[in-house]
Amino acid sequence: MKFSARIAAPAAALVLAGLTATACAPQTSDNGAKGDEKTGTLRVWLFQEVGNEPKEKVVDTAVAAFEKAHKGAEVTIEYIPVETRAQRVKAAFNDPESAPDLIEYGNTDTAGYVKDGGLADITSEFGAWADAEDTDPAAKQSVTVDGKVYGAPLFVGVRALYYRTDVFADLGIEPPKSQAELISTAKKIHRKKPDLYGLAVGGAYTYGAMPFIWANGGELADRDGSSYKSAINSAKARKGIEAYTSLFGAANCPPAKCAAMGGNATVTAFASGKAAMAIGGDFSHAAVEAGAVKGKYAVVPLPGVAEGSIAPAFAGGNNIGVLRSSGHRSLAVDLMKELTGKASQARMFDAMGFLPTYTDVRAAAAEREPFVEPFVRTLGAGAKFVPASPAWGQIDSSLILPTMFQEIVSGRKDVAEAADDAAEKMDAAFAEAG
């Protein structure tokens, strides 16, 4: 959901932003495979990008290699819109006879799809796969539910701090090295240049706010037996919420304009020259390059609480999984490996800018494209993921966390009250999901 002018456009960015399917399939009575054919046609659903031709070329190369190595096997690829994937996947889970063998899916969808019984457990195959040994831990976590693996990571994306080099030079200031300095710098810039947001923030920008919570030692939720319990109202989490919401107000980003903004809106504000800083992803680079600030910005990791530290970022991205209903399990697993293996991810980076999920491939990519270096450093510092619960889809789609932020910045509730209310709603979702 991403680094030079080749970077993927906004449709993919939606997935990296952690977009979650809002309509999951109900638990089916029996969608398991009826055999394991070694020949025949495998059907694959991949996401349609705004500029899809480069992706198609990489996929075609992987498919050709697979078909050459598997005589009697053929592959058909269908590119489906990200926006309608929830309905397509729901239908596939409910009608195994017409379902594809493999699907690409947003990594926050994993737990929900597993609960629905749609994805095959490939733990043994993943564990024996040589490429998988170098998988980034956060990326592996995104395909793991209750210790079992349900797919292979395809790419990963994280956010860092974009800043205006011309504005910083004009004011004689340096990029902030701590969270406190980030906040004070944002307010200083707005004071000196009131036509600019110091740091564009959004009340609906959940994945931009999470690093503030994590950097202060907070968590979204804690594991509670076989389920989760919200931790958003813990003392450490509240401290992070206070830090993030302190950026809303006349001193930086007025609530009347910023409370409703999401991630795309904050990046747009920066790209259009209305903000001196913004929290954007590697996948935001194309939009910024196309904006008014082209040639006048740089990127550094978002600072953590301690000076010189890096705030943990949300590890977004996409995965590819084998459906339980596939009648070609062995072939499907091999095709999954071909599509997500090191060679394909290196080609996908060159074609689309998608960050590889393998640490060694990603390091090599950063050498070829220096822009990704701050994002690679952010991943290396330790990215984090959302709770591996099917409840996350409900929590995300019902806007529990954005509502909490907006209640605080509007003054309707204080941090403690808003966090307690959000925790209660999260716990209800976790309980319902089981």
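User: Which strands form the open sheet, and in what order?

Analyst: Good place to start, bearing in mind that this is a predicted model. An open sheet can be read by its strand order and its pairing sense. Here the order is β10-β7-β11, three strands in all, and the pairing is antiparallel.

User: Which are the edge strands?

Analyst: Look for strands that pair on one side only: β10 (277-281) and β11 (297-300) are the edge strands here. From one strand to the next, the twist averages 35°.

User: How many bridges link β7 and β10?

Analyst: Five bridges join strand β7, residues 159-164, to β10, in the antiparallel sense. To find your place in the model, go to Ala160, which has Gly280 of β10 opposite.

User: Which helix packs on that sheet?

Analyst: That is helix α12, residues 263-271, which touches β7, β10 and β11. Its direction and that of β10 make an angle of about 125°.

User: Let's turn to β1. In what sense do β1 and β2 pair, parallel or antiparallel?

Analyst: They are parallel: β1 (residues 40-47) and β2 (residues 73-80) share eight bridges. One pair to look at is Arg43, with Thr76 of β2 standing opposite. Next, follow the chain between the two strands: it leaves β1, passes through helix α2 (residues 53-69) and reaches β2, a β-α-β crossover that is right-handed.

User: How many bridges join β1 to β3?

Analyst: Two bridges do so, and β1 and β3 (residues 102-106) run parallel. Trp45 has Ile103 as its bridge partner in β3.

User: And helix pairs: what describes two packed helices?

Analyst: The angle between their axes and the distance between the axes are what describe such a pair. Take helix α10 (residues 235-245) and helix α19 (residues 400-409): their axes come within 10 Å and cross at roughly 60°. Because of that angle, α10 is oblique to α19.

User: Is the crossing of α10 and α19 left-handed or right-handed, and which residues meet there?

Analyst: The crossing of these two helices is right-handed. On the α10 side you will find Ile241, Tyr244 and Thr245, which meet Met404, Phe405, Ile408 and Val409 of α19.

User: How many nonpolar, polar and charged residues does the contact of α10 with α19 have?

Analyst: Sorted by class, the contact has six nonpolar residues and one polar residue, with no charged residues.

Technical notes
Residues are numbered from 1 along each chain as its sequence is written. This is a predicted model: local features need pLDDT of at least 70, side-chain atom pairs count only at pLDDT 80 or more; totals for chains, interfaces and linings use all residues. Side-chain values use heavy atoms; hydrogens and water are left out. Two strands pair if DSSP finds at least two bridges between them. Helices (H or I, at least four residues) and strands (E, at least two) are DSSP runs, numbered from the N terminus. A crossover is right-handed if, with the strands pointing away from the viewer, the path from the first strand over the helix to the second runs clockwise. Axes are lines fitted to C-alpha atoms, for helices over the stretch in contact, and angles run from 0 to 180 degrees between N-to-C directions. Contact means heavy atoms within 4.5 Å. Angles under 35 degrees count as roughly parallel, over 145 as roughly antiparallel, 65 to 115 as roughly perpendicular and the rest as oblique. A crossing is left-handed if the near helix is turned anticlockwise from the far one by less than a right angle, and right-handed if clockwise. Ala, Val, Leu, Ile, Met, Phe, Trp, Tyr, Cys and Pro count as nonpolar, Asp, Glu, Lys and Arg as charged, and the others, Gly among them, as polar.
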